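This report follows the protein surfaces that face the nucleic acid and then turns to the packing of helices within the chains.

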Protein chains: 2
Amino acid sequence: MWMDERKEKVLQAIIEDYVSTAEPVGSRTLARKYRLGVSPATIRNEMADLEVQGYLEQPHTSAGRIPADKGYRYYVDTLMEDHEATPDEQNRIAQVFDRRLTEVDHLLRETARLLAETTHYSALVVGPRVGRTAIKGVRLVPLEEGRALLVLVTEGGFVEDQVVDMPVEVTMMELQRISGVLNEVLRGRTVISLSRDALAALHHELDRYRSLLSQTLDFLDQSEAPEGDRVFVGGASRMLAQPEFRNVEKVKRLMDLLEEEQVVHDILGAAGRGEPRVAITIGEEIHYREMTDCSLVTATYRVGEETIGRIGVLGPKRMEYAKVVSLVDNVTQRLSEKLSRGT
Amino acid sequence: MWMDERKEKVLQAIIEDYVSTAEPVGSRTLARKYRLGVSPATIRNEMADLEVQGYLEQPHTSAGRIPADKGYRYYVDTLMEDHEATPDEQNRIAQVFDRRLTEVDHLLRETARLLAETTHYSALVVGPRVGRTAIKGVRLVPLEEGRALLVLVTEGGFVEDQVVDMPVEVTMMELQRISGVLNEVLRGRTVISLSRDALAALHHELDRYRSLLSQTLDFLDQSEAPEGDRVFVGGASRMLAQPEFRNVEKVKRLMDLLEEEQVVHDILGAAGRGEPRVAITIGEEIHYREMTDCSLVTATYRVGEETIGRIGVLGPKRMEYAKVVSLVDNVTQRLSEKLSRGT
DNA sequence: TGTTAGCACTCAGCGACAGAGAGTGCTAAC
DNA sequence: GTTAGCACTCTCTGTCGCTGAGTGCTAACA
């Protein structure tokens, strides 16, 4: 739906004022603080129109207006201006990504912390599916009777591993052979890209070690088990600083949700599917009742060509969208880069 | 300090009532709810005495009494009765520890979650120092030019690893030799138990690979870097359910602290040093101003003989001590057992 | 026809105030 | 040493009225 220029200006002013004050904004304040060039009375008329059209709402008759979901939506889609990360923020980000980290988990935890710190909201990160990252090499390290460590080196030089069982009688030679076969089949590809033929070949070749193979593939795939995805939440307590969560019961319900990995996973997964870069999900668009006062800014990070994980910032609907979008975008780029280039 | 029997009964009743209601308790209520066999007036006299002696305090003149830190201390040291975990709780615990887990981190995260769930308070866990666990075996797995994966199998069959740099020109043979030497020196011992001689021998033998060796020892030791210790917090949001934290700003300050690993580490480290089994730290005894309304029940878990990590439950001072103590004790035993016996 | 000044009206928020209720300490009697 | 009785204290709750910010409507103006 279209909107004439003055209405846009009014809407923009209301949103920006409300974002910074968290108080309903009235026509008089608006006229005083923003140079709209018209009188409060005129603004009142515009506001009444905007309310009828669903862009604004009024907490009660004698209060000012606050933006409705539709208003925020129009703002982020049309009115919001681009925003560059400040040198300070850029430094802070560089600091994290220039460090030498070989554990993906550690990197992601730091990413969550970084996003929370720079945005002052909460940050959510879902770890990558191993099955979606290209594999550089596989090693099978014998540990002790009946167990081995399956070590995976992924694209960026990151290491993932898991203990697997194997028949006790497997010899070193056999282990070498198995690991050779796995290497041959997997090197340079992602598990999900494996053709049926390749898998069949693998099964044929390694039929004797069926249990070991299936554990390996489970580890690589993990697609059936979303709980297998590692979830990192940074700065959950930031929510407590927001005036919309002055109510303890309300904020408790939210924090409880954020402690459930499954939920965080869902939220990030549902938000902004297939969006180009950064996606914004506002209020009721997040399908959790506890989050109707929140918005979510999400993005997808990749390794090479493959989509592998998601990161997001959760804040009040009354969020500094432009700033958050720029930070999320920035961090996503850096993270993808680091995961591709390595260490 | 000693206390006559009736005073003890009064103190006990007040604490137990306050624990369950979070309201100051008056003489009349006390006489009605607990069979103390004396009139409110008598109880009032006892309460006045207890207040003078510092066991109780009065929020304001016309309110009942609440326990002071000293009162809680007397209670947990003298009055508290033992408590057994219920079958339900026992089941819940068994469920976690009977699962097959090969990653220490995963196990500890689950432990934190479990403690939080069963106690309904927040749980803190500090991961073990690798340097304090006995080592069953070491492997060095070549990854790619200049990097190797150092794999450690600890006492209980748990696996820890870290990427280390090495000179590019190291051959497979040499790697085997290094790993052989490491194995010989380390197997069956803890790093901190290594004698100067053993270390010197190691340095002598592996002088050519000095950087690799020092990285290895750093990884094993980590004693300089407490941030290296992994910290897990479970159910931080449980605090929000406590009436003493109805105030958002207050609870925010607490939650902010709990997000800092260093702080959690400090708290657990300071509490109950050298106590036999479960230690209780009350109010001001925790040296953080934000936690003066909290108590902490901590214990140390071990692998074999070695003390290696700590776990604790953080709740309001008004905590169900007996229940928490039994749960912490129970979980500590199970955890130690699992870490010693393995997987 | 769009804009603005003026005005009556609405309603949350705040402070003052009074009454209820829970609890205390003191005194005197048992 | 214990208890009943009583005056007193102080928080909590609800009511009331005022204030101020904000609105919508109307009528005048450009």
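In this predicted model, a polar backbone atom of Ala63(A) lies 3.5 Å from a sugar or linking oxygen of DNA strand D, while a phosphate oxygen of the strand is 2.8 Å from a polar side-chain atom of Arg65(A). Chain B also takes part, since a backbone N or O atom of Ser39(B) is found 3.1 Å from a phosphate oxygen of DNA strand D.

Around DNA strand D there are 21 residues, of which Ser27(A), Arg6(B), Thr42(B), Thr61(B) and Ser62(B) come nearest. Sugar or phosphate contributes 76% of the atoms of DNA strand D that are within 4 Å of the protein, and bases contribute the rest. At least two residues of the surface near DNA strand D are supplied by each of helix H2 (27-33) of chain A, H3 of chain A and H3 of chain B, and H3(B) gives the most, with four residues. By class, the surface near DNA strand D holds four nonpolar, 13 polar and four charged residues.

DNA strand C is likewise surrounded by 21 residues, and the closest are Arg6(A), Thr42(A), Thr61(A), Ser62(A) and Ser27(B). Of the atoms of DNA strand C that come within 4 Å of the protein, 79% are accounted for by sugar and phosphate. A base is nevertheless reached, for an N or O atom in the side chain of Ser62(A) is 3.0 Å from a base oxygen of DNA strand C. From chain B, a polar side-chain atom of Thr29(B) lies 3.2 Å from a phosphate oxygen of DNA strand C, and a polar backbone atom of Ser62(B) is 3.5 Å from a sugar or linking oxygen of DNA strand C. Two or more residues of the surface near DNA strand C come from each of helix H3 (40-52) of chain A, helix H2 (27-33) of chain B and helix H3 (40-52) of chain B. The largest share, four residues, belongs to H3(A), and the residues of the surface near DNA strand C divide into four nonpolar, 13 polar and four charged.

The polar contacts described above are gathered here.

| Protein residue | Atom of the DNA strand | Distance |
|---|---|---|
| Ala63(A), backbone | sugar or linking oxygen, strand D | 3.5 Å |
| Arg65(A), side chain | phosphate oxygen, strand D | 2.8 Å |
| Ser39(B), backbone | phosphate oxygen, strand D | 3.1 Å |
| Ser62(A), side chain | base oxygen, strand C | 3.0 Å |
| Thr29(B), side chain | phosphate oxygen, strand C | 3.2 Å |
| Ser62(B), backbone | sugar or linking oxygen, strand C | 3.5 Å |

Within chain B, helix H6 (residues 104-119) and helix H12 (residues 321-341) have axes that come within 11 Å and cross at roughly 165°, which makes H6(B) roughly antiparallel to H12(B). The crossing by which H6(B) passes H12(B) is right-handed. On the H6(B) side the contact includes Leu107(B), Leu108(B), Leu114(B) and Leu115(B), and these residues of H6(B) belong to a set that meets residues of H12(B) including Val324(B), Leu327(B), Val331(B) and Leu335(B). The residues of this contact of H6(B) with H12(B) divide into eleven nonpolar, three polar and two charged.

Within chain A, helix H5 (residues 87-97) and helix H6 (residues 104-119) pack at an angle of about 170° with their axes 10 Å apart, and H5(A) and H6(A) are therefore roughly antiparallel to each other. H5(A) makes the contact through Arg92(A), Ile93(A), Val96(A) and Phe97(A), whereas H6(A) offers residues including Leu107(A), Glu110(A), Leu114(A) and Glu117(A). The contact of H5(A) with H6(A) comprises five nonpolar, two polar and three charged residues.

How values were computed
Residues numbered from 1 in each chain as written. Chains lettered and ligands numbered in written order. Predicted model: local features only at pLDDT ≥ 70, side-chain atom pairs only at ≥ 80, totals over all residues. Heavy atoms only, no water. Axes fitted to C-alpha atoms, helices over the stretch in contact; angles between N-to-C directions. Parallel < 35°, antiparallel > 145°, perpendicular 65-115°, else oblique. Left-handed = near helix turned anticlockwise from the far one by under 90°. Contact = heavy atoms within 4.5 Å. Nonpolar A, V, L, I, M, F, W, Y, C, P; charged D, E, K, R; others polar. Near = heavy atom within 4 Å. Polar contact = N/O pair within 3.5 Å; in protein donor to acceptor, adjacent residues only side chain to side chain.
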